[in-house]
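Here is a short note to read alongside the structure. Please keep the sequence open and find each residue as it comes up.

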Amino acid sequence: LLVSCRGKKGRTICCIRACFKAAPTRPIQDSRGSFPSYPYRKPAAMGKDASVTPKATLNVNSIGPGFGKSNVGAGGIATLKWKRSKFNASLALSDGTLKSVKSLKDVVLTADYKAPKGVTVNSKYEAGPKKYQVGATWDGNVAKKATTLKAWYSNKDNLVAGEATVNVAKGQKANVTFNQKKVLTAKYTYTKGDYTAEPSYNFTRKAPAVAVTKKLGSKDTLKVSYDIKSEGAAAEWARKPFKVTLSSSVSKKLQVGKPSLSAIFENVYEF
């Protein structure tokens with residue numbers, strides 16, 4: 001290349017640049033021990049722009065005397081997500097949508113835009129009841145603690161609501177939900193090893209609850225929970241894409257009510 005262009009310095013530099021721009025790796029030194037002056041750029045990472053998430057649910061309620069067909073129910077939801085640069089959008093439909101197309105039942109649209117400085121603008125629209133929600137999410141640090149703040153307005157109840165999550169320490173975080181009138185819920189999550197404990201309190205219902213999750217190997221998890229006020233107990237086994245939950249009421253005198261079973265299949269397919 002240098003021989004074919006000898007005597008024309010400007011042209012030689014131009015040819016070297018053109019050759020290195022076409023190369024997929026970092027430029028190497030030429031015969032004079034120098035590098036081309038243009039900046040090196042890594043190839044852009046390829047990613048998936050869209051995905052679909054089908055979710056199928058089977059519910060078997062009040063298993064015991066008097067059990068019948070009315071105690072069994074099934075349903076499905078499909079969510080299509082699309083992303084492009086800083087913009088994300090989704091469309092959700094259910095089996096109820098297909099049964100009542102004109103009513104737009106269960107049709108939900110969302111759109112998010114990632115703005116500068118850790119801010120994401122969020123929007124949601126439920127086509128059936130014509131309810132919308134607009135808000136923003138901020139991810140950053142407060143007093144050197146990783147923090148996520150969310151705030152939104154919904155015409156459903158004409159209130160401004162929000163949520164705050166703070167990583168208090170390694171394996172520990174606190175979460176609070178609220179609206180413009182009062183605090184709604186509070187939860188503390190503590191993780192150590194394969195165990196995660198989540199005590200919580202619902203200020204509206206004045207109901208404390210607790211949940212404990214245990215990892216079983218690399219794929220399975222088992223979660224047990226209990227709501228002290230409603231006396232509702234549940235055991236949940238999960239292995240992606242499946243989740244099975246057995247729930248019942250358990251009184252303080254250990255009287256057990258009729259159990260209910262829920263089975264869910266949910267998976268993400270990217271394309």
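1. Start with Arg 84, which has a relative accessible area of 46% and therefore counts as partly exposed. Keep in mind that this is a predicted model. To be called exposed, a residue needs over 50% relative accessible area, so the 46% of Arg 84 does not reach that class.

2. Which residue does Arg 84 pair with in a salt bridge? The partner is Asp 49, and the closest N and O atoms of the two are 3.6 Å apart. Asp 49 sits in the loop between α1 (9–22) and β1, while Arg 84 belongs to strand β2. The two residues are 35 apart along the chain, and the pair links distant parts of it. Asp 49 is partly exposed as well, because its relative accessibility is 33%. The structure holds six salt bridges, and this pair is one of them.

3. A second salt bridge joins the side chains of Arg 205 and Asp 227, with 3.1 Å from N to O. Arg 205 is in the loop between β11 (195–202) and β12 (207–216), and Asp 227 is in strand β13 (residues 220–227), so parts that are 22 residues apart in sequence are tied together. Are these two residues buried or exposed, or in between? Arg 205 is partly exposed at 33% relative accessible area. Asp 227 has 15% and is buried, because buried means under 20%.

4. Strand β13 also contains Asp 220, which forms a salt bridge with Arg 239. Here the closest N and O atoms are 2.8 Å apart. Arg 239 lies in strand β14 (residues 232–239), 19 residues away from Asp 220, and again distant parts of the chain are linked. Asp 220 counts as buried, since its relative accessibility is 13%. Arg 239, at 36%, is partly exposed.

5. Next, the largest pocket. Its volume is about 280 Å³. Strands β1 (50–60), β2 (72–84), β3 and β4 (108–114) each give two or more residues to the lining. Among the lining residues are Thr 53, Lys 55, Ile 77, Thr 79, Ser 90, Ala 92, Asp 106 and Glu 266. How many residues of each class does the lining have? There are three nonpolar, five polar and four charged residues. As background, rolling a probe the size of a water molecule over the atoms shows where empty space is left.

6. Val 108 is also part of the pocket lining. Lys 131 is 23 residues from Val 108 in sequence, and their C-alpha atoms are 9.6 Å apart in space. Lys 131 is found in strand β6, and it is partly exposed because its relative accessible area is 28%.

7. Finally, look at the surface. A nonpolar patch there is formed by Leu 80, Leu 91, Leu 93, Leu 109, Tyr 125, Tyr 132, Val 134 and Phe 271, with about 680 Å² of accessible area together. Which elements give two or more residues to this patch? They are β3 (87–94) and β6 (131–142). Leu 93 is located in strand β3, and its relative accessibility of 35% is why it counts as partly exposed. Strand β3 therefore appears twice in this note: it gives residues to the pocket lining and to the nonpolar patch.

Methods:
Residues numbered from 1 in each chain as written. Predicted model: local features only at pLDDT ≥ 70, side-chain atom pairs only at ≥ 80, totals over all residues. Heavy atoms only, no water. Patch = residues over 30% accessible without salt bridge, like charges linked within 9 Å, V, L, I, M, F, W, Y side chains within 5 Å. Areas by Shrake-Rupley, 256 points an atom, 1.4 Å probe, with all protein chains shown as cover. Salt bridge = Lys/Arg side-chain N within 4 Å of Asp/Glu carboxyl O. Helix = DSSP H or I, 4+ residues; strand = E, 2+ residues; numbered from the N terminus. Buried < 20%, exposed > 50% of the residue type's maximum accessible area, 1.4 Å probe, protein only. 1 Å grid on protein atoms, 1.4 Å probe; cavity = no way out; pocket = protein on both sides within 12 Å on 5 of 7 lines; lining within 4 Å. Points joined across faces, edges and corners; volume = space filled by probe spheres on them. Nonpolar A, V, L, I, M, F, W, Y, C, P; charged D, E, K, R; others polar.
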